[in-house]
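The report below is meant to be read beside the sequence and the coordinates. It takes up the fold of one chain, then the sheet and helices of the other, and the contact between the two.

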Amino acid sequence: MKLTDQARHLGRWLDGTGPASDVVLSTRVRLARNLKEVTFTHRAREEQLAMVYSSVLSAVRKTPVLATSSALPMRDLSPIDRQFLVERHLISNDLADNGRLRGLLLLPDETVSVMVNEEDHLRLQALASGFQLRSAWESVNAIDDELGQDLDYAFSDELGYLTACPTNAGTGMRASVLIHLPSLVLTRQIGRVLQGITQVGLAVRGFYGEGSQIMGNFFQISNQTTLGQSERETIESLDRVTRQIIDYEQRAREELLKDARVQIEDKVWRAYGTLRHSRVISSQEVINLASAVRFGLSLQIEGLADVKTLNELLIRTQPAHMQLWAGRELEQRERNVLRAEYVRRLLGEDISNAARSN
Amino acid sequence: MQCQLCGKRPAVVHFTEIVNNKKSDHHVCEKCAEERGYHVPLLKSKFSVGDLLAGMVDQSGQGEETKVGRVQCPRCNLVYSEFKESGRLGCSECYTTFRAQLRPLLRRIHGSTKHVGKAPARDSERVALRREVQRLHEDLQRAIEHEEFENAAAIRDRIRAMEAQTSGPAAGGTS
C-alpha cells in the first residue's frame, strides 16, 4: 500500500456516520499487550524487537480480520509519511519519532490497526465514526482474542496484562471519544464539566491525545484507570458520562439559540465564508473555522458543508496531508497558500471532482 | 479577580465545593491551588506521565530510599531508581521483583490492585476457575457468619473439588 493512495481515501472512522456524530467525531479503543518472553520495548535489543515484529506479523497473517492488513515498518517511511499517520490518528508521535524497528499494521479502511514496538510490544486499536464505544470495544476485543491464541502475552492473574507503564497495567485498555463541545465553551460551562469528568476518574485531553492541545473545542475523554474494573464496566461508565455530556451540550445549545440565535448564525456563516474564500490559511485556523461550521450543522443551519466534508477538512488540511497531496515537501508559507486552495475546492460546488481526483 | 488565598496573584482556578450540602465558590491562583493540592485538569498538561509517576513513586519510597532504589530485576537488570526516573518498567518480571513498591503505587493510580477484566485466550479457563474459587471463599465466609453450617460444608466441598483442578504449577503470581 502506498501512503499517497491512503492519503486520497478517508478512513471509514472519518465518514461522519454513527450515533451522535454531530457531537462525537470518533471513538477509539486501544489495548496494550506485551510478549511474555521479551523485555519491554525501551529495554529490548534490536534483535528482540525484530523477533517481536515477526511474531506479531505471523500471528496477524493467521487472523482472518487482519489478514488483509498492510505492514508499514517505520524505517521504510519518510518523515512526511510518518507524520501523515500521526495526523490520521493511526500512530503516536512516539512511534513516528523513533528509528528503531517498529511498525504499523493497518487495514485499508483504517478501522483496525496494530502498532508494533511502541511503548508496549503491541497496541491494538479500533477506530469508529461517531459514538460507538461498544462496537469499537468488540472489534478490538475480537482481534485480541485471535492474536492471543498465537502470541504468549505477559499476564498475571493478579495484575492482568503487564505493561511498560503501570498506568496501563490490568486491562491495558484506553477507551476514548473525541467530542465537540462548542456550546459548553461559549456558555463558559466547560470548566465545570471538565472538572466533573476528572472527578469521576476520567481524563480529558486535546485533539491528538496525551500532551496535545485543546483545539477547535474538541476534547478527548478517556478512562484513566485499568485495574479494579472490567473492560465492559469501563466502557459502560465512559458511555454513561459521554451521554451526559452530550446532553449538557445540547441543553447549552438550546440556551444559546434562545438568547443569541442571530449572533451565532452570523459567527457560523462568517467562518464558512472565510473557509470558502481565503487565499492563505494555517491548519490551526482551519480547525477553528471548521469547528464553527460544525457547530452550525448541529444547529441545523441549512446550506453548509456536511459532517463528512468537515471531518475531511480537519484531517486532510494538516501539514503532512498537504504535502502528500502536493507530491512534494512544502515550506509553511507555501502550505498555507495551497491549503486555502484545497479548502476552497473541497467546499466548492463540485467537491467530488475537484480536490479528490487530484 | 485576585486569588482568595494570597490576595496577590490573579485567580485562574475557579471551582465550587459542596460540603455537607453547603455550596461555596473558590477562586485561587495557580500557585495556591498547587500548594493546597487542588487537582487542576489541563493547567499542567505539559507534564508527562513519566513525571507524574515519578512524583507519585517518590512519596512511597521515603525512608528506605537508597535501599529500595538499588533493588534490581534479575531478568532485565532494571534498578528501581531507573523506574522512578522514567516511569517505565523493564519487563514483565519487574512486576514481581518490585511487587512491594508497586502495590501502593498501583493503588494510588487505579484505586485498586486487582485485575477483574479479561484474560488471554490461553489463560482464560484457569483464571475463570480461580475467580470462581475466590467467590466461593467469600460465600463460605458469609455462610459461616450466618451460621448456615450445612451450606458452608457444601461450599467447602466445591472449593476443594475446584482447587484440586487448579493445583497446577500455574497458580498465582506472574504466569
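Among contacts in chain B between residues at least 6 apart in sequence, what percentage join residues at least 24 apart? In this predicted model, the share is 38%.

## Chain B

Chain B contains 8 helices and 2 strands, and reading along its sequence gives the pattern β-β-α-α-α-α-α-α-α-α, with both strands ahead of the helices. Of the 175 residues in chain B, 21% are buried.

One residue of this chain may serve as an example: His137(B) belongs to helix α7 of chain B, and it counts as partly exposed because 13 C-beta neighbours fall inside 10 Å. Between His137(B) and Ala161(B) the separation is 24 residues in sequence and 13 Å in space, taken from C-alpha to C-alpha.

## The sheet of chain A

Chain A holds an open sheet of 8 strands, arranged in the order β2-β3-β4-β5-β1-β8-β10-β9 with antiparallel pairing. The edges are occupied by β2 (70-73) and β9 (202-205) of chain A, each of which has a single partner strand, so that one side of each is left without a neighbour in the sheet. From one strand to the next, the twist averages 20 degrees.

Strand β1 (residues 24-33) of chain A has 10 of its 10 residues buried, and is therefore largely enclosed by the rest of the structure. On one hand, β1(A) is joined by 7 bridges to strand β8 (residues 173-180) of chain A, with the two running antiparallel, and here Ser26(A) has Leu178(A) of β8(A) as its bridge partner. On the other, 8 bridges connect β1(A) with strand β5 (residues 122-129) of chain A, again in the antiparallel sense, and Ala32(A) is found opposite Arg123(A) in β5(A). At the β9 end of the sheet, β9(A) pairs with strand β10 (residues 218-223) of chain A over 4 bridges, also antiparallel, and in that pairing Arg205(A) stands opposite Gln220(A) of β10(A).

## Helices of chain A

Helix α2 (residues 46-61) of chain A lies across four strands of chain A, namely β2, β3 (103-106), β4 (112-116) and β5, and its direction makes an angle of about 160 degrees with β4(A).

A contact between two helices can be described in further detail. The axes of helix α3 (residues 79-87) and helix α11 (residues 319-326), both of chain A, come within 8 Å and cross at roughly 125 degrees; α3(A) and α11(A) are therefore oblique to each other, and their crossing is left-handed. On the side of α3(A) the contact is made by Ile80(A), Gln83(A), Phe84(A) and Glu87(A), while α11(A) supplies Pro319(A), Ala320(A), His321(A), Gln323(A) and Leu324(A). By class, the residues of this contact of α3(A) with α11(A) comprise 5 nonpolar, 3 polar and 1 charged.

## Where the chains meet

How many residues of chain B are in contact with chain A? There are 42 of them, and they touch 38 residues of chain A. On the side of chain B that touches chain A, the elements giving two or more residues are β1 (13-19), α2 (49-60), α6 (99-110) and α7 (124-145) of chain B, and the largest share, 5 residues, comes from α6(B). Sorted by class, this side of chain B has 19 nonpolar, 17 polar and 6 charged residues. Helix α7(B), one of the contributing elements, is also the helix in which His137(B) lies.

How values were computed
Residues are numbered from 1 along each chain as its sequence is written. Chains are lettered from A and ligands numbered from 1 in the order in which they are written. This is a predicted model: local features need pLDDT of at least 70, side-chain atom pairs count only at pLDDT 80 or more; totals for chains, interfaces and linings use all residues. Axes are lines fitted to C-alpha atoms, for helices over the stretch in contact, and angles run from 0 to 180 degrees between N-to-C directions. Angles under 35 degrees count as roughly parallel, over 145 as roughly antiparallel, 65 to 115 as roughly perpendicular and the rest as oblique. A crossing is left-handed if the near helix is turned anticlockwise from the far one by less than a right angle, and right-handed if clockwise. Two residues are in contact if their C-beta atoms, placed from the backbone, lie within 7 Å. Ala, Val, Leu, Ile, Met, Phe, Trp, Tyr, Cys and Pro count as nonpolar, Asp, Glu, Lys and Arg as charged, and the others, Gly among them, as polar. A residue is buried if 20 or more other C-beta atoms lie within 10 Å of its own, exposed if 12 or fewer, and partly exposed in between; C-beta atoms are placed from the backbone. Two strands pair if DSSP finds at least two bridges between them.
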